[in-house]
Amino acid sequence: MRQGLDVAPQVAELLSSEDLDRLARAAAASYECWICMRPGKLPELPTAVLIIRDGPVALAKLTHQSCARSGLMDAPGLTAVMSDPARAVSVDAVAAFLPYQAGHRPALLLEARATVSTDAGRGERVDRVAGWLLEHGLHLVAATGGEVEAAPRWAVHLRGGGTGLRVIGPIGELYDGDLQADPAWQREATTQGRRLLLAGGDLGLDQAPQSMEEVIARVDAVAGLGRLTGGLVAVEIH
Ligand SMILES: [Zn+2]
């Protein structure tokens with residue numbers, strides 16, 4: 001079924017078997033070449049899978065093999081260009097007290113989601129948020145409560161008494177916007193120091209958690225899949 005589809009090893013590494021099947025189906029049905037924007041279709045025209053990366057977002061796209069061979073292509077700013085009206089990447093932030101070693105520690109939860117669906121929603125997107133965060137200095141977190149190493153290349157700015165948040169990583173800003181935080185957390189937000197920053201996909205933060213138990217359950221579920229990253233991050237108060 002994937003016959004005629006050019007998939008470089010470094011591209012295959014980023015795609016699941018289901019992703020590849022979806023791409024092969026799309027290629028056989030007809031697609032718009034990402035490079036020349038003209039139509040293509042397998043098996044008439046050999047087709048290649050390109051992965052276009054912009055930070056945490058990776059999009060798998062089909063091209064004529066004569067236009068581009070299969071491979072990885074970095075396109076910084078791509079998601080910004082594709083942003084409105086449906087934002088390409090949405091990042092949600094929630095503040096919570098989480099178990100940390102013997103006690104609890106004020107923590108920030110970030111969830112980045114790739115929400116781009118391209119080419120009439122054929123779903124050829126890849127979400128590699130956790131891998132990207134690990135590459136950029138966060139650490140794999142096995143479960144809530146364990147020790148987390150410092151992430152010196154990351155910084156957090158709190159403003160408005162903990163109602164606003166800016167998170168800056170090694171290659172730029174990951175989040176700048178509102179922060180959902182309860183009053184107890186907001187009181188914490190006036191103290192300098194280090195916060196536990198946890199980030200990953202599938203935390204479900206677009207639906208505000210009802211309780212700390214629910215937060216912990218969601219975080220542990222993502223950690224159990226090996227998709228939770230974190231670090232102790234310096235906080236600046238504005
Ligand atoms: Zn083409």
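**Exercise 1. Which residues touch the most other members of the largest nonpolar core?**

Solution. The structure is a predicted model, in which local features need pLDDT of at least 70 and side-chain atom pairs count only at pLDDT 80 or more, while totals for chains, interfaces and linings use all residues. Residues are numbered from 1 along each chain as its sequence is written.

Step 1. A residue is buried if 20 or more other C-beta atoms lie within 10 Å of its own, exposed if 12 or fewer, and partly exposed in between, with C-beta atoms placed from the backbone. By this criterion, 38% of the 238 residues of the chain count as buried.

Step 2. A nonpolar core is a set of buried Ala, Val, Leu, Ile, Met, Phe, Trp, Tyr and Cys residues joined through C-beta atoms within 7 Å. The largest such core has 40 residues, and Leu108, Leu109, Leu110, Leu197 and Leu198 touch the most other members.

Step 3. Not counting residues up to four places away in sequence, Leu198 touches Ala107, Leu109, Val141, Val219, Leu228 and Gly230; contact requires C-beta atoms, placed from the backbone, within 7 Å. A second, separate core of 19 residues includes Ala24, Ala26, Ile51 and Leu59.

**Exercise 2. Determine how the buried residues of helices H2 and H6 are arranged about each axis.**

Solution. Helices (H or I, at least four residues) and strands (E, at least two) are DSSP runs, numbered from the N terminus. The chain has 6 helices and 15 strands.

Step 1. H2 (residues 17–29) contains 13 residues and reaches 18 Å from its first C-alpha to its last, close to the 18 Å expected at 1.5 Å a residue. The expected span is 1.5 Å times one less than the number of residues.

Step 2. Leu23, Ala24, Ala26 and Ala27 are the buried residues of H2. Seen down the axis, they fall within an arc of 160°, so they line one face of the helix; the arc is that of the directions from the helix axis to the C-beta atoms. Ser17, Glu18 and Ala29 are exposed on the other side of H2. Just after H2, Ser30 takes a positive phi of about 130°.

Step 3. In H6 (residues 212–224), Val215, Arg218, Val219, Val222 and Ala223 are the buried residues. These cover an arc of only 135° around the axis, which puts them on the same side of H6. The face turned away carries the exposed residues Glu213, Ala217 and Gly224. Gly226, which follows H6, has a positive phi near 75°.

**Exercise 3. Describe strand E12 and its pairing with E11 and E13.**

Solution. Step 1. In a regular strand the side chains alternate between the two faces of the sheet. Along E12 (residues 164–169), Leu165, Val167 and Gly169 point to one face and are buried, whereas Gly164, Arg166 and Ile168 point to the other and are not.

Step 2. Two strands pair if DSSP finds at least two bridges between them. E11 (residues 150–159) pairs with E12 in the antiparallel sense over 5 bridges, and Leu165 is the bridge partner of Leu158. Their hairpin has 4 residues between the strands, and Gly160 takes a positive phi near 60°.

Step 3. E12 and E13 (residues 172–178) run antiparallel, joined by 6 bridges. Asp176 in E13 is the bridge partner of Arg166. This hairpin has 2 residues between its strands.

Note on methods:
Contact = placed C-beta atoms within 7 Å.
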